[in-house]
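Hi everyone, and thanks for coming. Let me put the sequence and the structure up on the screen, and then we'll walk through a few spots together.

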Amino acid sequence: MRAVVLHEFGPAENLRIETLPDPVPGPGQVRIAVRAAGVHFVETLMRRGEADMAPPLPELPSVFGGEAAGTVESVGPGVGPEWLGRPVVVPRSSPGGYAELTVADTGTLHVIPDGLGFEAAVTMVMTGATTMGLLGMAELLSDDVVLVTSAAGGVGRLVVQYAHALGATVVGAAGGPAKAEAVRELGADIAVDYNEPGWQHLVAERLGGRRVTAVLDGVSGEKGAAAFELIADGGRYLVIGWSSQDTFDPDPALLAERGITFTNALLQLIENPGGGPARERAALEAAAKGQLVPTIQTFPLERAAEAHAAIERRETTGKVVLVP
């Protein structure tokens, strides 16, 4: 099979397409002919060997990626033949999703709902499930004023859709006028380019005296600090990502004085992954019903290095997916 292999931590071009032996499914496992593989921002950090803001680094050489969607083409010992030919999606696979074939335990598989394509399914099984978990912590209400930063990203776009459908007032902040316009088309009442200096003052002006009651911040760092300027007393601030690779840590005394709840929601999900399968199913069903519609940008498998580089240059919109 063809797979994208990393032999040395470093720049994107270190990801190279190679031919590897086909993986063999073990007991309780199936082999999947991959039709779509998800790519995450955190994988660019892992590829560079930056362990401080990423999961444990893999042993090299390594095939990157976890989630994969495709068709079951063979089964291991103890697995019934009814799995053969089924369209499935899985959040974790081996040797990795950046490959034409991968292996997964049947207990981690989801049969893809009718009407949902492979690319959408692989987007929802982790990015969508993460969004469901973050939204559960945010407890958004129809009378909220919600500010979403990194609103053109995979999670951000789903949050904007959800909050809009709920009836909340939605402010979407993204990098560049094209991304801001895309966020507006998703239903954001106010969409701004947070690369423009003083963007938070423009948001305050457009809100006309209203204050933000819930921030879902996918950037952190300086842009997170700017978003914090807009939050009302008694509001809640949830960190749902840190694409700036920097942190924003408000003064605990100020939080207490203003009654603001500050939660690193994404870190909590990572450290306490319980309920993941239920969130995965909920995300897939929401997409199949058209309640959440992921935005997907595809790259051919052999161009995985280009996909990583585009993510690092902030040139992508929505979820990045590799296809064979």
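**Charges, rings and a sheet**

Let's start with lysine 223: its charged end sits over the ring of tyrosine 194, at 5.2 Å from the ring's centre. Before we go on, please keep in mind that this is a predicted model. There is a second spot of this kind, where arginine 86 lies over the face of tryptophan 83, 4.9 Å from the ring centre.

Now to rings that pair with each other. How many aromatic pairs are there? The count comes to seven. One of them joins phenylalanine 248 and phenylalanine 262, in an edge-to-face arrangement with 6.2 Å from centre to centre and 75° between the planes. Where do these two sit in the chain? Phenylalanine 248 is in the loop between strand 13 (231–239) and helix 7 (252–258), while phenylalanine 262 belongs to strand 14 (residues 261–263), so this pair ties together parts 14 residues apart in sequence.

Are they buried or exposed? Phenylalanine 248 has 13% relative accessibility and counts as buried, whereas phenylalanine 262, at 26%, counts as partly exposed. If you zoom out a little, ring pairs link both of them with Phe228 and Tyr237 into a cluster.

Last stop, the sheet. Three strands make up an open sheet in the order 2-1-4, with antiparallel pairing. Its edge strands are strand 2 (15–19) and strand 4 (62–63), each of which pairs on one side only. Strand 1 (residues 2–6) meets strand 4 in the antiparallel sense over two bridges, and you can find valine 5 standing opposite valine 63 of strand 4.

Technical notes: Residues numbered from 1 in each chain as written. Predicted model: local features only at pLDDT ≥ 70, side-chain atom pairs only at ≥ 80, totals over all residues. Heavy atoms only, no water. Phe/Tyr/Trp six-rings, centres within 6.5 Å; stacked < 30°, edge-to-face > 60°. Helix = DSSP H or I, 4+ residues; strand = E, 2+ residues; numbered from the N terminus. Buried < 20%, exposed > 50% of the residue type's maximum accessible area, 1.4 Å probe, protein only. Lys NZ or Arg CZ within 6 Å of the ring centre and 35° of its normal. Pairing = 2+ DSSP bridges.
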